[in-house]
Amino acid sequence: MNNPIEEQRLIIDQLYRIVEGSCPSEATSARCRFDYDHGYEDGSSSVGQIFYYFKGDESISAALDRTLRASVMGLVIQLHAIMKAHTGGDWNAFTLFINEDGSVTTKFEYPDQKPLA
């Protein structure tokens with residue numbers, strides 16, 4: 001597959017399945033912010049995540065499912081590489097939202113932007 005948009009969609013879909021699979025059945029929506037730090041002097045990188053799900057208006061902080069999250073680092077690094085090669089964008093974080101209607105949206109953050117509150 002050489003279509004970068006399709007490759008990005010497939011990776012985001014895998015991340016969606018990890019977030020969705022980490023939600024209890026009573027969750028009405030969720031969000032997970034993935035931080036990607038690739039500026040270490042030794043060339044290494046790290047990926048962090050902050051996950052919340054919602055039951056109605058109640059926000060509950062949780063951890064992604066331990067088994068499901070095993071592939072998160074590789075997926076985030078892969079997504080960054082594909083997007084940077086395709087658009088030149090060098091984001092350092094993004095948030096994946098699972099909305100109440102079941103739709104999925106993403107918001108990418110770049111180093112020169114202020115982070116989401």
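Which residue in strand 2 is the bridge partner of alanine 30? In this predicted model, that partner is tyrosine 53. Alanine 30 also has a neighbour on its other strand: isoleucine 98 stands opposite alanine 30 in strand 4. Those two pairings are a handy way into the sheet, so let's start there.

**The sheet**

What order do the five strands of the open sheet take? Reading across, the order is 3-2-1-4-5, and the pairing is antiparallel. As background, strands of a sheet pair through backbone hydrogen bonds, either parallel or antiparallel. Strand 3 and strand 5 (residues 104–109) sit at the edges with a single partner strand each, so one side of each has no neighbour in the sheet. Averaged over the sheet and with direction ignored, neighbouring strands are turned by 20° against each other.

Here are the strand pairs that come with a bridge count:

| Strand pair | Direction | Bridges |
|---|---|---|
| Strand 1 (29–37) and strand 2 (46–55) | antiparallel | nine |
| Strand 1 and strand 4 | antiparallel | six |
| Strand 2 and strand 3 (58–62) | antiparallel | five |

Strand 2 and strand 3 make a hairpin with two residues between them. Glycine 56 is in that turn and has a positive phi of about 65°. Lysine 55 stands opposite glutamate 58 of strand 3.

**Helices on the sheet**

Helix 1 (residues 4–21) packs on the sheet and touches strand 1, strand 2, strand 4 and strand 5. Its direction makes about 60° with that of strand 4. Helix 2 lies across strand 1, strand 2, strand 4 and strand 5 too, and runs at about 105° to strand 2.

Glutamine 8 gives a residue-level view of helix 1, where it lies. Is glutamine 8 buried or exposed? Its relative accessibility is 11%, and the cut-off for buried is under 20%, so glutamine 8 counts as buried. Setting aside neighbours within four places in sequence, glutamine 8 is in contact with Leu79, Ile82, Met83 and His86.

Over in helix 2 we find glycine 74. This one counts as partly exposed, at 42% relative accessibility. The C-alpha atoms of glycine 74 and valine 47 are separated by 8.9 Å, while the two residues are 27 residues apart along the chain.

**Rings**

How many aromatic pairs does a search of the whole structure find? It turns up six. One of them is formed by tyrosine 36 and tryptophan 91, with ring centres 6.1 Å apart and planes at 55°. Why is this pair called tilted? Planes under 30 degrees apart would count as stacked and over 60 as edge-to-face, so at 55° the pair is tilted.

That pair links distant parts of the chain: tyrosine 36 is in strand 1, whereas tryptophan 91 is in the loop between helix 2 (72–87) and strand 4 (93–98), 55 residues apart. Both partners are tucked away: tyrosine 36 is buried with a relative accessible area of 8%, and tryptophan 91 is buried at 0%.

Phenylalanine 51 and tyrosine 53 form another tilted pair, 6.2 Å centre to centre with 40° between the planes. Phenylalanine 51 counts as buried at 2% relative accessibility, and tyrosine 53 counts as buried at 12%. Tyrosine 53 is also the residue we met at the start, as the bridge partner of alanine 30.

Ring pairs also link Phe34, Tyr36, Trp91, Phe94 and Phe108 into a cluster. There's a charge-over-ring arrangement as well: arginine 31 lies over the face of tyrosine 52, at 4.9 Å from the ring centre.

**Cysteines**

How many disulfides does a search of the whole structure find? The count is zero. Cysteine 23 is in no disulfide, and its nearest cysteine sulfur, that of cysteine 32, is 9.3 Å away. Why doesn't that pair qualify as a disulfide? A disulfide needs the sulfur atoms within 2.5 Å, so at 9.3 Å cysteine 23 and cysteine 32 don't make one. Cysteine 32 is buried, with a relative accessible area of 0%.

Technical notes: Residues numbered from 1 in each chain as written. Predicted model: local features only at pLDDT ≥ 70, side-chain atom pairs only at ≥ 80, totals over all residues. Heavy atoms only, no water. Buried < 20%, exposed > 50% of the residue type's maximum accessible area, 1.4 Å probe, protein only. Pairing = 2+ DSSP bridges. Helix = DSSP H or I, 4+ residues; strand = E, 2+ residues; numbered from the N terminus. Phe/Tyr/Trp six-rings, centres within 6.5 Å; stacked < 30°, edge-to-face > 60°. Lys NZ or Arg CZ within 6 Å of the ring centre and 35° of its normal. Axes fitted to C-alpha atoms, helices over the stretch in contact; angles between N-to-C directions. Contact = heavy atoms within 4.5 Å.
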